[in-house]
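Work through these exercises with the model open beside you. Try each task before you read its solution.

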Amino acid sequence: MNLTLNINGTAHSVDIVEGELLLDVLRRLGFTSVREGCGVGACGSCTVLVDGHSVSSCLTLSSRCAGTEIQTSEGLGKDNPVVRAFVAEGALQCGYCIPGFVMMATELLSENLHPDEKDVADHLEGNICRCGTYPEIVKAVLAAASGIPK
Amino acid sequence: MNPPILRPESLADACTMLSLDEDALIYGGGTALQILRKQGILSASSFVDISQIPGLNEVHQTENEILVGSMVSIRRMETDPLVRRYLSLASAAYAKVANPRVRNTATVGGNIAHGDYRLDPPVALLVLGATIEATSAEGSRRIPIEEFFVDFQLTALDHGEIVTSIKIPVSSDIVASTYVKLSSLSANDWPSASAAAAVFRRPGETRILRLALGALAPTPVVTSVDITGLRKDQAAEAVLERAILMMDPLPDVRGGIEYKRNLGRVAVEDALRNLWRDQPSD
């Protein structure tokens with residue numbers, strides 16, 4: 001079946017097979033910041049925002065996303081405050097998981113302009129970084145929230 | 001091959017589709033179904049996607065209860081001001097489900113229909129005395145939550161029945177409530193032991209402590225203990241004694257039987273401490 005998906009503000013027409021997951025469709029369209037990790041919604045590497053809400057694209061039916069606004073980290077750009085804070089704090093090693101963390105942080109900051117360290121930890125607790133960059137990630141999200149340019 | 005996805009636009013159509021195919025499965029948020037499908041332990045002839053049915057995604061308040069549509073997300077139960085204000089125990093339990101992404105996707109109806117003995121929300125719903133509305137081609141019926149969890153991974157739902165709403169009483173008798181979740185793997189894993197509890201003060205100053213346990217028996221379990229006139233230590237002793245009798249843990253990767261019994265005891269003690277802290281005048 002054919003599906004139109006609005007991704008980062010642009011409409012994409014795509015042929016999908018029945019039941020195809022959003023993760024696979026996004027990667028096929030070239031949005032390779034969206035990455036499979038665990039495949040069961042527990043690691044956060046495939047996080048995207050659908051109408052502003054974070055979802056695991058590995059568990060999301062692509063057909064359910066017609067008519068929604070999908071955001072991936074490609075749409076944020078290098079001048080986005082969260083992206084800049086991650087770079088400034090050195091909040092990455094291998095980087096595989098980082099787009100997922102950036103999208104979770106984007107959701108958090110859209111709901112809570114002034115999160116404290118516990119709010120950040122609570123919101124990001126379902127994202128896994130096997131390099132163990134958690135302290136820098138928390139610092140980056142707090143820096144993005146405080147709006148301090150580095 | 002993925003099962004074909006049917007997209008009924010009315011409840012009546014969904015009921016008809018389910019009544020015509022005994023191997024069709026209801027697709028709510030899909031978080032559990034997708035995991036089970038990937039694990040290869042799910043066989044379904046089709047998925048009946050109920051997301052297009054109007055009215056299932058709403059939260060209504062009436063005088064003494066809040067009615068939650070089955071497609072309302074778990075996260076909304078965590079964050080909705082109405083639910084937080086009037087059903088703080090339920091909100092606390094929904095907030096502990098998995099992680100924010102799963103809570104954004106998973107639904108209130110799907111969660112309970114999943115029927116797992118370790119789910120976070122059912123223990124709160126048991127303490128609060130919720131009622132489940134199930135609808136099929138034959139009509140609707142209301143199932144008291146105490147009758148909903150029948151056995152290990154088995155609910156009172158018949159094939160073809162869709163959970164359409166959960167009705168949760170709003171009680172002004174509750175003077176304190178708490179949800180405790182203890183996990184032995186990661187913080188957002190299933191609990192290895194959980195406890196929801198509330199103290200109800202009824203006219204005439206009777207005090208009833210309602211306690212439900214999760215992950216500690218093949219189904220979530222609930223009890224009421226009359227603690228009228230008891231000192232806190234006496235009440236705690238009476239509740240713990242009852243709680244221990246309710247525990248029948250299943251050994252698994254999260255711990256053996258004795259470990260879970262001990263953890264269950266800790267969950268109940270934590271719950272009691274939280275309750276007493278919230279009513280310091282007694």
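**Exercise 1. Which elements do the buried residues of α4(A) pack against?**

Solution. First, the ground rules. The model is predicted: local features need pLDDT of at least 70, side-chain atom pairs count only at pLDDT 80 or more, and totals for chains, interfaces and linings use all residues. Residues are numbered from 1 along each chain as its sequence is written, while chains are lettered from A and ligands numbered from 1 in the order in which they are written.

Step 1. Find the helix. Helices (H or I, at least four residues) and strands (E, at least two) are DSSP runs, numbered from the N terminus. Helix α4 of chain A covers residues 117-124.

Step 2. Pick its buried residues. A residue is buried if 20 or more other C-beta atoms lie within 10 Å of its own, exposed if 12 or fewer, and partly exposed in between, with C-beta atoms placed from the backbone. In α4(A), V120(A), H123(A) and L124(A) are buried. Down the axis of α4(A), they fall within an arc of 85°, so they line one face of the helix. The arc is that of the directions from the helix axis to the C-beta atoms.

Step 3. Name the partners. These buried residues pack against α3 (98-111) and α5 (134-146) of chain A, together with α6 (100-105) of chain B. Contact is defined by C-beta atoms, placed from the backbone, that lie within 7 Å.

**Exercise 2. Describe how α3(A) and α5(A) cross, and list the residues that meet.**

Solution. Two packed helices are described by the angle between their axes and the distance between the axes.

Step 1. Take the geometry. The axes of α3(A) and α5(A) come within 11 Å and cross at roughly 40°. Axes are lines fitted to C-alpha atoms, for helices over the stretch in contact, and angles run from 0 to 180 degrees between N-to-C directions.

Step 2. Assign the hand. The crossing of α3(A) and α5(A) is right-handed. A crossing is left-handed if the near helix is turned anticlockwise from the far one by less than a right angle, and right-handed if clockwise.

Step 3. List the residues. α3(A) brings F101(A), A105(A), L108(A) and L109(A). α5(A) brings I137(A), V141(A), A144(A) and A145(A). By class, this contact has eight nonpolar, no polar and no charged residues. Ala, Val, Leu, Ile, Met, Phe, Trp, Tyr, Cys and Pro count as nonpolar, Asp, Glu, Lys and Arg as charged, and the others, Gly among them, as polar.

**Exercise 3. Characterise the side of chain B that touches chain A.**

Solution. Step 1. Count. The contact joins 19 residues of chain B to 19 residues of chain A.

Step 2. Find the elements. α2 (31-38) and α6 of chain B each give two or more residues to this side. α6(B) gives the most, with five residues.

Step 3. Sort by class. This side of chain B has eight nonpolar, nine polar and two charged residues.

**Exercise 4. Lay out the two domains of chain B and the side of domain 1 that faces domain 2.**

Solution. Step 1. Set the bounds, which come from an automatic or database domain assignment. Domain 1 of chain B is 56-169 and domain 2 is 174-278. Their centres, taken over C-alpha atoms, are separated by 20 Å.

Step 2. Count the contact. Domain 1 of chain B supplies 20 residues and domain 2 supplies 21.

Step 3. Identify the contributors. On the domain 1 side, α5 (88-94), α8 (121-128) and β8 (149-151) of chain B give two or more residues. α8(B) has the largest share, five residues.

Step 4. Sort by class. The domain 1 side has 13 nonpolar, two polar and five charged residues.

**Exercise 5. Place D51(A) and E205(B), and judge their exposure.**

Solution. Most residues other than glycine have a negative phi.

Step 1. D51(A) is not a glycine, yet its phi is positive, about 50°. D51(A) sits in the loop between β3 (47-50) and β4 (53-56) of chain A. It counts as partly exposed because it has 13 C-beta neighbours inside 10 Å.

Step 2. E205(B), also not a glycine, has a positive phi of about 65°. Its loop runs between β12 (193-202) and β13 (206-214) of chain B. With 8 C-beta neighbours inside 10 Å, E205(B) counts as exposed.

Note on methods:
Contact = placed C-beta atoms within 7 Å.
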